[in-house]
Amino acid sequence: MTTDWKPTACILCECNCGLEVKLDGTHLALIRGDERHPASRGYACEKAHRLDHYQNAPDRLRSPMRRRADGTFEEIDWATAIREVAERLASVRDRFGGETIFYYGGGGQGNHLPGAYATSTRRALGSRYRSSALAQEKTGEFWVGDRMMGTVTRADFEHCEVAFFLGKNPWHSHSIPRARVTLKEISKDPARTLIVVDPRRTETAELADLHLQVRPGTDAWLLSAMLGTLVQEDLVNHAFVSAHAIGLEEVVASLRAIDVAKCCERTGVDEALVREATRVIARSRAMSSFEDLGVQMNRESTLVSYLHHLLVALTGHLGKEGTHFIPTTLVNITGGASAKPSPVAGARIIAGMVPCNVIAGEILTDHPGRYRAMLVEAANPAHSLADSVRFREALSALDTLVVIDVAMTETARLAHYVLPAATQFEKAEATFFNFEFPKNVFHLRARLFAPPEGALPEAEIHARLVEALGAVTEADLAPLREAAKLGREAWAAVFMEKVMGDPRLAPMAPVILYRTLELAPELKEGAVLLGLALKAAMKSPASLERAGFGGEPLEAADKLFTAMLTSASGLVFAIDEWSEVLGRITTPDGKIQLALPDLLTELNRVVSSAPSPAETEFPLVLSAGERRSFTANTILRDPAWRKKDAAGALRISPADATRLGLETGSSAKLTTRRGSVIVSVEVSESMQPGHVSLPNGHGIGAGVAPNDLTSEQDRDAFVGTPWHKFVPARVERV
Ligand SMILES: Nc1nc2c(c(=O)[nH]1)N[C@H]1C(S)=C(S)[C@@H](COP(=O)(O)OP(=O)(O)OC[C@H]3O[C@@H](n4cnc5c(=O)[nH]c(N)nc54)[C@H](O)[C@@H]3O)O[C@H]1N2
Ligand SMILES: Nc1nc2c(c(=O)[nH]1)N[C@H]1C(S)=C(S)[C@@H](COP(=O)(O)OP(=O)(O)OC[C@H]3O[C@@H](n4cnc5c(=O)[nH]c(N)nc54)[C@H](O)[C@@H]3O)O[C@H]1N2
Ligand code: SF4
Ligand SMILES: [Mo]
């Protein structure tokens with residue numbers, strides 16, 4: 001075993017906690033939180049200790065694979081793989097147009113550099129449409145945020161007085177730094193209030209002062225009741241609203257008319273509790289809130305996002321310590337609607353992403369604009385997108401499917417070519433999940449191991465692909481390589497002139513950086529960060545300067561890039577001030593746009609709609625994909641990584657279990673409109689009658705794959721996000 005601890009980070013959720021590890025041969029033998037990481041400060045949860053199951057996974061790929069006509073795979077060498085993949089994709093481009101080549105993925109919870117390099121390959125192919133998991137969770141929030149503020153916010157739970165979680169269980173899912181420490185601190189402080197909206201009595205709800213235990217899928221009514229209370233009891237923060245928002249009259253006109261009692265009745269939550277929660281939020285010094293999958297993958301999700309934004313804006317919890325903020329980003333992963341919709345379904349494209357639930361339909365059609373080829377990188381859509389059966393049918397209908405992954409995944413098994421990637425500990429990696437405030441943190445992790453023979457980092461794969469496509473030649477690289485010998489400054493001068501000044505080469509900048517910057521082997525894949533640092537230096541000079549990266553953009557970028565390469569445990573790359581937050585609203589008048597007419601119309605429609613009649617065939621609501629202690633999407637594929645809940649039990653309330661004659665450990669048949677599976681049952685006091693829940697990420701080796709049960713049609717009317725948390729279902733004893 002190595003004697004020294006080596007810094008790295010956890011790759012299992014967006015927090016990317018800093019870790020220190022000791023290596024034993026090819027193993028991550030000892031793992032602990034890294035005290036020097038500026039965001040996580042030594043924190044890590046139980047899952048990080050199981051990361052060797054990722055690094056040494058049984059189904060690791062060690063050679064490029066090509067599918068034979070009979071569906072089996074043969075190993076091929078890299079030269080053949082790159083040549084054939086480039087030829088096949090170029091042929092699709094030449095026959096049908098580059099826009100028929102779809103790109104899915106680009107990174108998961110721990111790795112966003114592949115997506116940055118893939119931009120070069122996509123541009124070389126003329127590929128235009130893309131998507132990722134964000135388009136089945138966050139695009140409603142992005143769209144609403146963009147229209148109201150020109151951006152999205154995050155919140156400062158560490159310093160808030162009131163914490164409000166809407167369809168989110170941070171005890172297990174985290175998403176805020178040091179989640180459990182922060183939750184416990186809020187919970188035990190009598191001066192602070194933790195409010196949780198969740199149909200289940202989750203681990204977070206157990207800590208809450210106020211648990212609003214809604215009926216599944218009724219959050220639109222709950223938030224309507226809260227906003228109705230806010231306006232009718234005149235709890236609006238008028239000083240904030242008149243200074244920073246417009247459209248109050250239109251919004252008030254709708255909210256004044258809301259029948260609070262009737263809305264509460266729909267949700268099953270006591271009206272007094274709803275009013276109390278609203279008053280606590282409105283009167284508090286500082287409220288932080290977080291909406292997540294419980295509402296974003298549910299009925300009326302975009303409306304709920306809008307109502308949540310209204311709650312924040314009308315109570316003025318934005319722009320002061322302990323409330324919402326707008327962070328400085330290195331790469332902005334959010335965004336609003338594109339001018340043009342998706343080519344076949346005409347679906348709204350948010351932040352550049354086609355809604356996941358329309359992709360299959362945009363392949364399985366004879367429409368001339370249909371997608372003909374797909375490049376999937378660091379994602380497993382055959383498992384993670386709604387309606388796996390139909391999505392696999394769509395993947396099988398493609399002219400060419402290329403998958404870049406570390407393992408032979410459910411998606412890879414359908415590919416024509418599988419290109420094996422180095423793991424996230426065998427190359428330099430980083431994410432753009434950088435949402436800290438006022439000090440924002442970035443962490444470039446050096447590789448811990450050299451990649452095994454046969455696997456390559458994505459940077460190398462994309463460089464080889466663009467070279468095979470003829471988009472970057474040796475002649476393009478030669479002057480940069482020459483200049484690099486004279487130092488970074490000489491290199492930069494040639495790069496700015498010959499690459500950034502040339503419309504043909506500018507889109508190839510990521511792979512050109514990778515090919516020509518001279519970096520240590522442990523950090524080589526970090527090359528693209530120089531380009532991103534330059535963009536950040538141009539966009540946010542003051543924030544970078546306060547963090548020590550001032551000067552002309554090129555100089556600031558160079559300093560920041562050098563610091564990224566030398567800060568093994570991560571660094572503060574930007575320092576903001578609370579007083580700047582409201583100035584970052586980028587609507588034309590700089591104000592929060594409270595009134596979104598289409599969503600106010602939707603609000604009026606929804607609150608006046610009658611409850612849909614109970615479904616006799618499917619009397620239960622299934623949450624298909626809950627985060628638990630031992631779930632991590634499909635990043636850890638070896639079922640042995642789980643210390644608990646190996647079978648991924650279906651949670652069911654005691655009342656429903658008794659009625660159905662089930663007990664913990666029983667087998668049951670779970671049926672939805674899309675399919676039937678056999679599940680193991682866990683009777684849980686945390687569940688309310690009528691609600692059952694399955695974990696996410698199972699169905700690989702053990703347990704149930706949740707998307708065998710979901711339908712692509714069950715999606716939001718505005719942005720196409722799925723209703724994974726609201727799947728009509730029935731359970732029978734077997
Ligand atoms: N352990 C673990 N942590 C993870 C992940 C993981 O796989 N495992 N994945 C990461 C990823 S990719 C993401 S996006 C986040 C997601 O993080 P979360 O959104 O917190 O995760 P979920 O458990 O899917 O859903 C949250 C809650 O929604 C509740 N819910 C269900 N139906 C409703 C409803 O009708 N209304 C309301 N208000 N709530 C409802 C569920 O009971 C659940 O407690 O987690 C991240 N963290
Ligand atoms: N029913 C239902 N479906 C859901 C959800 C739900 O709650 N319910 N949650 C959704 C959400 S929020 C998310 S985020 C998605 C997640 O689903 P996906 O976005 O498909 O991603 P992951 O399951 O995280 O899989 C990551 C993939 O990256 C691969 N990988 C790991 N490291 C590397 C690497 O270094 N390079 C490359 N090239 N590949 C690598 C892994 O082997 C794996 O195949 O699932 C979604 N699907
Ligand atoms: S799973 Fe998330 S919270 Fe847990 S150690 Fe990893 S990054 Fe941190
Ligand atoms: Mo996610």
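Colleague: Which elements each supply at least two residues of the shell around ligand 2?

Modeller: In this predicted model, they are α16 (381–384), β16 (400–405) and β21 (620–626); helices are DSSP runs of H or I of at least four residues, strands E runs of at least two, both numbered from the N terminus. Residues are numbered from 1 along each chain as its sequence is written, chains are lettered from A and ligands numbered from 1 in the order written. Local features need pLDDT of at least 70, side-chain atom pairs count only at pLDDT 80 or more, totals for chains, interfaces and linings use all residues, and side-chain values use heavy atoms, without hydrogens and water.

Colleague: How many residues surround ligand 2, and which are the closest?

Modeller: There are 33, the closest being Ser-384, Asp-405, Glu-458, Ala-624 and Thr-634; a residue is near if one of its heavy atoms lies within 4 Å.

Colleague: What makes the approach of Gln-424 to ligand 2 a polar contact?

Modeller: An N or O atom of the Gln-424 side chain is 3.0 Å from a nitrogen atom of ligand 2. A polar contact is a pair of N or O atoms within 3.5 Å, so this pair qualifies. An N or O atom in the side chain of Lys-725 is 3.5 Å from an oxygen atom of ligand 2. Of the 920 Å² of accessible area (Shrake-Rupley, 1.4 Å probe) that ligand 2 has on its own, the protein covers 97%.

Colleague: Why does ligand 2 lie between domain 2 and domain 4?

Modeller: Both domain 2 (65–132 + 368–380 + 400–575) and domain 4 (613–733) give residues to its shell, so ligand 2 lies between them; the bounds come from an automatic or database assignment.

Key
A polar contact is a pair of N or O atoms within 3.5 Å; within protein, one must be able to donate a hydrogen and the other to accept it, and residues adjacent in sequence count only if both atoms are side-chain atoms.
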